[in-house]
Each structure stands twice: as structure tokens, then as C-alpha cells.
Amino acid sequence: MLKSLYSGITGMKGQQTKMDVISNNIANVNTTGFKSQKVSFQDMISQTNAAAQGPNNNGRGGINAQQVGLGTQVAATNMLMQGGSLQYSGRGLDFAIQNGDKSFFVVSENGTGENVNYTRDGGFTIDYDGNLTSANGYKVMGYVSAGGMTPEAGYNSGDLPTTLSPIQINQTMGGLELQDYNIDNTGTIIATYSDGNTYVLGRVALSNFANPDGLEKAGSNLYNSTTNSGEPQLGGPSDDGYGIIRSGFTEMSNVDLASEFTEMIVASRAYQANSRSITTSDEMLQELINLKR
């Protein structure tokens, strides 16, 4: 059989994968903090019909190898990690990371520092127990003040523990009732209680990665670290190398619809061209069969 039949199949499979990725990008155009993906291809093994030869002593020149490729394959589906535009929401518990494409919020399903995921989706809420949680109930991790609260007067960020704990904004603490709270650009949570004093409850943690492209998507806007992403480097908003937090904003998807529709046209035409190579190969086989009348 003609090798071109199978080369055309590999091309069609590759373009179908590209179309799957493009469709997923478009479907998530309004997903908070979504990072689009891009497919890259590489050629498959080549069949060598004749090896390359160098010049010989008789004055004959060199000869290049005679090789025929056997198709294409998907090399990678890379994530584009540049930050999306910030959209004003006006909601106090919506947070967006600005100027920190390598930074992520740290969340945990069970509230421990060992079992954590990472997200760019800063649409948080407060549950019944006062825990700051993500939309799917994961607890937002950070550095919590000893005893749950520290007077703002004389506060220094170096006084906070360096181990991760679930962030809590309790309505009642030490017999005092919560009156108001805010979270500044450094991720510090400052609350006013019924005694009229302000207290620091903690600070939201951020995690950096040497290779954020190497993170693994886990669904629900979550990422897992991998051996290729590097170990998470914990820090906080406004620290060197980390972004800052904008309260009242959410990060939009970084999907570029103009680019996606252009790539869709390219994928469609490439798929069509590969199908033509299969039908043309079939016509050649038909001509061969027709030699025997």
C-alpha cells in the first residue's frame, strides 16, 4: 500500500487534536483566569532509502541521504501563561494577580499545607466557619497571625508564621464582633472589630514556579505542580518576583478570539488537504488495479 495513505491519516489526526484545543480555548473565553493552549507538531520517523555518502578519493562528490517521511505527530500542547486583562467586579472578595504571570493562589481541599493546588481564579467567598474559600470549596492558604489576630499597631509582616494555614475571617473573635475588613495589595487582611481597633488576621500566600508552563491542569481552574514545573516557591503579594493583588477585580481569560478563529481556518484547510492526499492516493491505487482488465 502507498505510504501516503498513512501519512495523510497522521496529518488528519494531528489537525483534529489542534481543533480540539482550539474549541476548548473558545469554550473557555469567559472562564476566570483561564490560560489558553497551543498545539505544536513534529515530523515522525523517516524511512531511509539510501544513506548519505561523503566525497571519495576518486574525486566523486558527496551524496545526501534519500529519506521519505512517514507523517506527523503532536509534539506538545503548550499553555500560554501570560496574564489576562483585569475586569472590575466591585466585589470585595474578588482578587486578581497583577504583574505576576508566574504567581498563583494556593488552595487546599482539606486545609493542610501538604495537599495543595494552585489557581489564578481569585473569586473567593467566606464559608460558615469563616474560612476564605474558592468557588469549589477549597480553602485559601496563607500566613495566619498567632492566635488568629494581631493588633495593626506595630505590625510587621516578618512577625507572621512562615507555614501555610487556612485564611479565616471570623465574625466573632475574642468576644469581639467583626465590623469591617479589607485586603490590601500586599494580601494583608486587616479587620476592624467592635472595640474600635484594627487587627491583622493574616496574609494571603502566593506561589511562584520556575516553569509555570509545566503545571498540569486539574480542572475547576486548578493546577498541580509537576517535576517539570519546578518546586513551588512560596511568598506573598508585592514580594520581589511576585505579583500584587487587586481587590475588586477578576482576571479574564487570555484567549484571543481573533487568533483562535484564524487557527481554526488553518486547521480546517490542513485537515482538508490531508484528506485530499488520501483520496489522491486511492485514485492512484485504482489506476494500478485497472491495469488488469
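Let's start with Asp239, which is partly exposed because its relative accessible area is 29%, a value that falls between the 20% limit for buried and the 50% limit for exposed. Keep in mind that this is a predicted model. What does Asp239 pair with? Its side chain meets that of Arg203 in a salt bridge, with N and O 3.1 Å apart. The two residues come from distant parts of the chain: Asp239 sits in the loop between β22 (233-235) and β23 (244-247), while Arg203 belongs to strand β18, 36 residues away. And is Arg203 buried or exposed? Arg203 has a relative accessibility of 9%, so it counts as buried. So here we have a partly exposed Asp239 paired with a buried Arg203.

If salt bridges are new to you, here is the general idea. Side chains of opposite charge can pair when their charged atoms come close.

How many salt bridges does the structure hold? There are five. Let me show you two others, and please keep your eye on Glu251. One joins Lys35 to Glu251, and their closest N and O atoms are 2.5 Å apart. Lys35 is in the loop between α1 and β1 (37-43), whereas Glu251 is in strand β24 (residues 249-251), so to speak a long walk along the chain: the two are 216 residues apart. Both Lys35 and Glu251 are buried.

Now the other one. Glu251 also meets Arg120 in a salt bridge, at 3.0 Å from N to O. Arg120 lies in the loop between β8 (117-119) and β9 (122-123) and Glu251 in strand β24, so this pair ties together parts that are 131 residues apart in sequence. Arg120 is buried, just as Glu251 is. Put these together and you get one network of Lys35, Arg120 and Glu251, joined by salt bridges that share partners.

That brings us to the domains. The chain is divided into two: domain 1 covers 1-49 + 64-80 + 261-292, and domain 2 covers 85-252. Notice that domain 1 is written as three stretches of the chain. How far apart are the C-alpha centres of the two domains? They lie 44 Å apart.

The domains do touch. Seven residues of domain 1 are in contact with eleven residues of domain 2. Between them they bury about 840 Å², and carbon and sulfur atoms give 49% of that area. Which three residues supply the most of domain 1's share? They are Thr32, Lys35 and Met79, which supply 68% of the area that domain 1 buries against domain 2. You will recognise Lys35 from the salt bridge with Glu251. Across this interface there is one salt bridge, and four residue pairs are in polar contact.

Let's stay with domain 1 for a moment and look at Gln15, in helix α1 (residues 3-27). Why does Gln15 count as buried? Because its relative accessibility is 13%, and the limit for buried is under 20%. Setting aside neighbours within four places in sequence, Gln15 is in contact with Phe41, Ala267, Ala270, Tyr271 and Asn274.

Next, the nonpolar cores. In soluble globular proteins, nonpolar side chains tend to be buried together. In this model, the largest nonpolar core has 27 residues, and Phe95, Phe105, Tyr193 and Leu201 have the most contacts inside it. Six elements each give two or more residues to this core: β6 (94-98), β7 (103-108), β12 (139-144), β16 (176-183), β17 (188-193) and β18 (198-204). A second core is separate from that one; it has 14 residues, including Val106, Tyr118, Leu160 and Leu164.

Last, two backbone details. Most residues other than glycine have a negative phi, and most peptide bonds are trans. Where do we find positive values here? Asn99 has a phi near 60°, although it is not a glycine. Asn99 is in the loop between β6 and β7, and with a relative accessible area of 69% it is exposed. Ser220 is also a residue other than glycine with a positive phi, near 55°. Its place is in the loop between β20 (216-219) and β21 (222-224), and at 58% relative accessibility Ser220 counts as exposed.

To finish, let me go back to Glu251: it shares a network of salt bridges with Lys35 and Arg120. Thanks for listening!

Terms used. Residues numbered from 1 in each chain as written. Predicted model: local features only at pLDDT ≥ 70, side-chain atom pairs only at ≥ 80, totals over all residues. Heavy atoms only, no water. Core = buried A, V, L, I, M, F, W, Y, C linked by side-chain atoms within 4.5 Å. Buried < 20%, exposed > 50% of the residue type's maximum accessible area, 1.4 Å probe, protein only. Helix = DSSP H or I, 4+ residues; strand = E, 2+ residues; numbered from the N terminus. Domains from an automatic or database assignment. Contact = heavy atoms within 4.5 Å. Buried area = accessible area lost by both parts, 1.4 Å probe. Salt bridge = Lys/Arg side-chain N within 4 Å of Asp/Glu carboxyl O. Polar contact = N/O pair within 3.5 Å; in protein donor to acceptor, adjacent residues only side chain to side chain.
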